[in-house]
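Reader: I would like to go through this model with you, fold and core. Please keep the answers brief.

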Amino acid sequence: MKERKAPRKGAPMKTGREALSRYIGRKFEGSVSKFARETKLDQSDIGKILRGVRKSISVEYAKRIELATEGSVPVALWAE
């Protein structure tokens, strides 16, 4: 089985989940609860997205994430 490498630092993100994970790691020291609290997004939803339990999100929720991340996680990254 081929081992999947983590994206290089500064490498372009391929998915919204990757970008959101990197953003939370960088800006909130990896704390989903801090991110959720400060952005007023649901911690449970964010956790499910990051774990891959929630495979897709609505355009409206993607817009909320884009706004909360100041554009670091654009809506386009959530397109399948």
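Reader: In what order do the elements of the protein run from the N terminus on?

Author: This is a predicted model, in which local features need pLDDT of at least 70, side-chain atom pairs count only at pLDDT 80 or more, and totals for chains, interfaces and linings use all residues. Residues are numbered from 1 along each chain as its sequence is written, and side-chain values use heavy atoms, with hydrogens and water left out. Helices (H or I, at least four residues) and strands (E, at least two) are DSSP runs, numbered from the N terminus. The protein has 4 helices and 0 strands. The order is α-α-α-α.

Reader: Which element supplies the largest share of the largest nonpolar core?

Author: A nonpolar core is a set of buried Ala, Val, Leu, Ile, Met, Phe, Trp, Tyr and Cys residues joined through side-chain atoms within 4.5 Å. Here the largest one has 16 residues, and L20, F35, I46, I49, I65 and W78 touch the most other members. At least two residues come from each of α1 (16-27), α3 (43-51) and α4. The largest share, 4 residues, is from α1.

Reader: Why do the buried residues of α3 lie on the same side of the helix?

Author: Buried means under 20% relative accessible area (1.4 Å probe, protein chains only). In α3 the buried residues are I46, G47 and I49. They lie on the same side of α3 because they cover an arc, taken from the directions from the helix axis to the C-beta atoms, of only 160 degrees.

Reader: Which helices do these buried residues of α3 pack against?

Author: Contact means heavy atoms within 4.5 Å. By that test, the buried residues of α3 pack against α1, α2 (32-39) and α4.

Reader: Is T69 buried or exposed?

Author: T69 sits in the segment after α4 (59-68). Leaving out residues up to four places away in sequence, T69 touches L20, Y23 and F35. F35 in turn contacts L20, Y23, I24, F28, L41, I46 and T69, its neighbours within four places set aside. With a relative accessible area of 0%, T69 is buried.

Reader: Which residue has its backbone nitrogen 3.1 Å from a polar atom of the T69 side chain?

Author: A polar contact is a pair of N or O atoms within 3.5 Å; within protein, one must be able to donate a hydrogen and the other to accept it, and residues adjacent in sequence count only if both atoms are side-chain atoms. For the T69 side chain, the backbone nitrogen at 3.1 Å belongs to V73.

How values were computed: Buried < 20%, exposed > 50% of the residue type's maximum accessible area, 1.4 Å probe, protein only.
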